[in-house]
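This briefing collects local features of one protein chain for use in computational work. Please consult the sequence and the coordinates alongside the text.

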Amino acid sequence: QVRVVESGGGLVQPGGSLRLSCAASGSISDIVIMGWYRQAPGKQRDLVATITPGGVINYADSVKGRFTISRDTAKTTVNLQMNSLKPEDTAVYYCNVGWRRLGTWYDSWGQGTQVTVSS
């Protein structure tokens, strides 16, 4: 299986920056995609950004030009650099790893980290 541990998050003023990190361990060779999702109070969990081991990146329209997803060379850590943060970015951010073994798809989720953008 794949295990996920997140770090980062916190309180920042509008216009500020934060960096989230996500470390995956376990069956690394089974990983198909890694990314970040977020869930604001009373709303569904939405995609923020994803990256494949091959480097294909996808962003939600709401974060394009402000957030940058990247991974380390070992492809076991994914970072999310968040700049020009807005109050509407406030949410719990979850790291997700999608992985496949013997034809079955699995999702591993982190515990979530709070990001609050407020003056």
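## Cavity, contacts and backbone

By class, six nonpolar, one polar and two charged residues make up the lining of the largest cavity. The model is predicted, and every value below is computed from it. A search of the whole structure finds one cavity of 30 Å³ or more and one disulfide, and the structure also holds three aromatic pairs.

**Internal cavity**

- The largest cavity encloses about 40 Å³ of space.
- Its lining consists of Ile31, Ile33, Met34, Ile51, Thr52, Pro53, Arg71, Lys75 and Val78.
- The polar member of this lining is Thr52, and the two charged members are Arg71 and Lys75.
- Strand E4, which spans residues 31–39, gives the most to the lining, with three residues.

**Largest pocket**

- About 160 Å³ of space lies in the largest pocket.
- Arg38, Ala40, Lys43, Gln44, Asp46, Leu47, Ala60, Ser62, Glu88, Thr90 and Ala91 line this pocket.
- The lining of the pocket divides into four nonpolar, three polar and four charged residues.
- The charged residues of the pocket lining are Arg38, Lys43, Asp46 and Glu88, while Gln44, Ser62 and Thr90 count as polar.

**Aromatic cluster and the charge above it**

- The structure holds three aromatic pairs, among them that of tyrosine 37 and tryptophan 109, which is edge-to-face, with 5.2 Å from centre to centre and 70 degrees between the planes.
- This pair links distant parts of the chain, since tyrosine 37 belongs to strand E4 and tryptophan 109 to strand E10 (residues 104–109), 72 residues apart.
- Tyrosine 94 and tryptophan 109 form another edge-to-face pair, with centres 6.5 Å apart and planes at 85 degrees.
- Tyrosine 94 is in strand E9 (residues 91–101) and tryptophan 109 is in strand E10, so their pair ties together parts of the chain that are 15 residues apart in sequence.
- Ring pairs thus join Tyr37, Tyr94 and Trp109 into a cluster.
- Are the two rings of the second pair buried or exposed to some degree? Tyrosine 94 has a relative accessible area of 14% and is therefore buried, the cut-off for burial being under 20%. Tryptophan 109, at 37%, is partly exposed.
- The charged end of arginine 45 sits over the ring of tyrosine 94, 3.7 Å from the ring centre.
- The charged end of arginine 45 also sits over the ring of tryptophan 109, here 4.6 Å from the centre.

**Disulfide**

- A disulfide is a covalent bond between the sulfur atoms of two cysteines.
- In this model, cysteine 22 and cysteine 95 form the disulfide, with their sulfur atoms 1.9 Å apart.
- The link of cysteine 22 and cysteine 95 is left-handed, with -75 degrees about the S-S bond.
- The bonded residues come from distant parts of the chain: cysteine 22 lies in strand E3 (residues 18–26) and cysteine 95 in strand E9, 73 residues apart.
- Cysteine 22 has a relative accessible area of 1% and therefore counts as buried.
- Cysteine 95 is likewise buried, with a relative accessible area of 0%.

**Backbone and loops**

- Most residues other than glycine have a negative phi.
- Which non-glycine residues have a positive phi of about 50 degrees? Serine 84 has such a value, and leucine 102 has one as well.
- Serine 84 is located in the loop between strand E8 (77–82) and E9, and its relative accessibility of 41% makes it partly exposed.
- Leucine 102 is placed in the loop between E9 and E10. Leucine 102 counts as exposed because its relative accessibility is 87%, where the cut-off for exposure is over 50%.
- Lysine 86 is also found in the loop between E8 and E9, and lysine 86 is partly exposed, with a relative accessible area of 35%.
- Lysine 86 and proline 14 are 72 residues apart in sequence, yet their C-alpha atoms are 5.1 Å apart in space.

Notes:
Residues are numbered from 1 along each chain as its sequence is written. This is a predicted model: local features need pLDDT of at least 70, side-chain atom pairs count only at pLDDT 80 or more; totals for chains, interfaces and linings use all residues. Side-chain values use heavy atoms; hydrogens and water are left out. On a 1 Å grid over the protein atoms alone, a cavity is a set of points where a 1.4 Å probe fits but cannot get out, and a pocket is an open set with protein on both sides within 12 Å along at least five of seven lines; lining residues have an atom within 4 Å of a point. Grid points are joined across faces, edges and corners, and a volume is the space filled by probe spheres set on the points. Helices (H or I, at least four residues) and strands (E, at least two) are DSSP runs, numbered from the N terminus. Rings of Phe, Tyr and Trp (its six-membered ring) pair if their centres lie within 6.5 Å; planes under 30 degrees apart count as stacked, over 60 as edge-to-face and the rest as tilted. Buried means under 20% relative accessible area, exposed over 50%, partly exposed in between (1.4 Å probe, protein chains only). A charge sits over a ring if NZ of Lys or CZ of Arg is within 6 Å of the ring centre and within 35 degrees of the ring normal. A disulfide is a pair of cysteine sulfur atoms within 2.5 Å.
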